[in-house]
Amino acid sequence: RNLTDISLLECFIHLQYVDLSENKLQDLSPLCSLTSLLWLKVDGNLLSSPCLKELPYLQFISLAQNHIKDVEGITHPRLTNLSLKGNRIQSAQGLSHGQLFNLQILELRGNILESTAGLSLPKLKNLYLAQNVIQSLEGIEGLEQLATLHLRDNSLESLDGFCSSMKRLQYLNLRNNRISSLQEVAKLRVLPMLQALVLMDNPCCKEPSYRLEVLVMLPHLQRLDKELFEQEEQEEANRIRWERQEKEKVRTAGLGEQTEVKRESKY
């Protein structure tokens, strides 16, 4: 409706659901008096900041397709679902666990993030970071409840950052990044619950026996690039993995013998 002023809403203090999408709003301050608000959608406006006075019961807020450049000022204690997709956000610094300790779903796709630094939100379960320019995974070790992570269409060359504390991560989408070596994929071994992985449109997908090699490295994986592993693939991967382990044992034993011989020759 091309709204630019919503001051009339200040008197409707018992409103719980408000949709102000597709207007020309630059200021949400009149909503501060709506202390019963549970659900707020303000997509497709002209907002430059997500800042809004703390609303004690707000659980869902969507600020997609605005002109927002940072995430400072989001302090709603019961917020569980936050969407900031399609903005101009360069950094996730400012999303504080102390103020967003119930946040479970965060949507940041379609921004200009270069890093994941600042995402210290330990209750987070679903994180959507597709279509950014992320080059490094920093600070994600604190996302211990995370089950789903979307990183499609970014600029990742390395998979450093994942760690064993991420015990619940089941789905990881890395499609269309710059991962050139399967040795980077091997770093995902630290994720004990990973079941589905999307790697298509990365340079490493062109390596020989790509699917089989990924399964050798990640034996708990059930699905790669949206296709389930067949039983024959799993059996072949188990055989290759066993053979390599045996060769490594022999090699290690051989190195141990050589070390002992050298030690004796000194005396």
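**Exercise 1. The largest pocket**

Task: Find which residues line the largest pocket of this predicted model, and work out where the pocket lies.

Solution, step by step:

- Start with the residues. The lining of the largest pocket is made of Leu-182, Gln-183, Ala-186, Arg-189, Glu-213, Val-216, Met-217, Pro-219, Arg-241, Arg-244 and Gln-245.
- Next, look for the elements behind them. Helix 1 (182-185), helix 2 (210-217) and helix 3 (231-266) each give two or more residues to this lining.
- Now sort the lining by class. There are five nonpolar, two polar and four charged residues.
- Add the volume. The largest pocket holds about 240 Å³ of space.
- Finish with the domains. The pocket lies between domain 1 (7-230) and domain 2 (231-266), because both of them give residues to its lining.

**Exercise 2. The nonpolar core and helix 2**

Task: Name the residues that touch the most other members of the largest nonpolar core, and say which helix gives the most to this core.

Solution, step by step:

- Begin with the core itself. It has 73 residues, and those touching the most other members are Leu-106, Phe-162, Val-185, Leu-188, Leu-197, Leu-199 and Val-214.
- Turn to the elements. Helix 1, helix 2 and helix 3 are the ones that give two or more residues to this core.
- Pick out the leading contributor. With five residues, helix 2 gives the most.
- Check burial along helix 2. Its buried residues are Tyr-210, Glu-213, Val-214, Leu-215, Val-216 and Met-217.
- Draw the conclusion. Helix 2 is largely enclosed by the rest of the structure, because six of its eight residues are buried.
- Here is some background to keep in mind. Nonpolar side chains tend to be buried together in soluble globular proteins.

**Exercise 3. Cys-51 and the disulfide count**

Task: Explain why Cys-51 does not form a bond with the closest cysteine sulfur, and give the disulfide count.

Solution, step by step:

- Locate the partner to test. The cysteine sulfur closest to that of Cys-51 belongs to Cys-32, at a distance of 8.3 Å.
- Compare with the cut-off. A disulfide calls for two cysteine sulfur atoms within 2.5 Å, so the sulfur of Cys-32 is too far from that of Cys-51 for a bond.
- Give the total. By this rule, the model has zero disulfides.
- Note the surroundings of Cys-51. Its relative accessibility is 49%, so Cys-51 counts as partly exposed.

**Exercise 4. Two aspartates with positive phi**

Task: Place Asp-153 and Asp-225 in their loops, and decide for each whether it is buried or partly exposed.

Solution, step by step:

- Take Asp-153. Its phi is near 60 degrees, a positive value in a residue other than glycine.
- Place Asp-153. It sits in the loop joining strand 7 (148-150) and strand 8 (171-173), and its relative accessible area of 22% makes Asp-153 partly exposed.
- Move on to Asp-225. Here phi is near 55 degrees, again positive in a residue that is not glycine.
- Place Asp-225. Its loop runs between strand 10 (223-224) and strand 11 (227-228), and at 12% relative accessibility Asp-225 counts as buried.

**Exercise 5. Distance along the chain and in space**

Task: For Gln-145, Leu-149, His-76 and Leu-169, set the separation in sequence beside the C-alpha distance.

Solution, step by step:

- For Gln-145, look to Arg-168. They are 23 residues apart in sequence, and their C-alpha atoms are 5.8 Å apart. Gln-145 belongs to the loop between strand 6 (126-128) and strand 7, and at 29% relative accessibility it is partly exposed.
- For Leu-149, look to Leu-172. This pair is 23 residues apart in sequence, with 5.0 Å from C-alpha to C-alpha. Leu-149 is part of strand 7 and is buried, with a relative accessible area of 3%.
- For His-76, look to Asn-132. They are 56 residues apart along the chain, and 25 Å separates their C-alpha atoms. His-76 lies in the loop between strand 3 (60-62) and strand 4 (81-83), where its 1% relative accessibility counts as buried.
- For Leu-169, look to Ser-7. The two are 162 residues apart in sequence and 44 Å apart in space, C-alpha to C-alpha. Leu-169 is in the loop between strand 7 and strand 8, and it counts as buried at 0% relative accessibility.

Definitions and conventions. Residues are numbered from 1 along each chain as its sequence is written. This is a predicted model: local features need pLDDT of at least 70, side-chain atom pairs count only at pLDDT 80 or more; totals for chains, interfaces and linings use all residues. Side-chain values use heavy atoms; hydrogens and water are left out. On a 1 Å grid over the protein atoms alone, a cavity is a set of points where a 1.4 Å probe fits but cannot get out, and a pocket is an open set with protein on both sides within 12 Å along at least five of seven lines; lining residues have an atom within 4 Å of a point. Grid points are joined across faces, edges and corners, and a volume is the space filled by probe spheres set on the points. Helices (H or I, at least four residues) and strands (E, at least two) are DSSP runs, numbered from the N terminus. Ala, Val, Leu, Ile, Met, Phe, Trp, Tyr, Cys and Pro count as nonpolar, Asp, Glu, Lys and Arg as charged, and the others, Gly among them, as polar. Domain bounds come from an automatic or database domain assignment. Buried means under 20% relative accessible area, exposed over 50%, partly exposed in between (1.4 Å probe, protein chains only). A nonpolar core is a set of buried Ala, Val, Leu, Ile, Met, Phe, Trp, Tyr and Cys residues joined through side-chain atoms within 4.5 Å.
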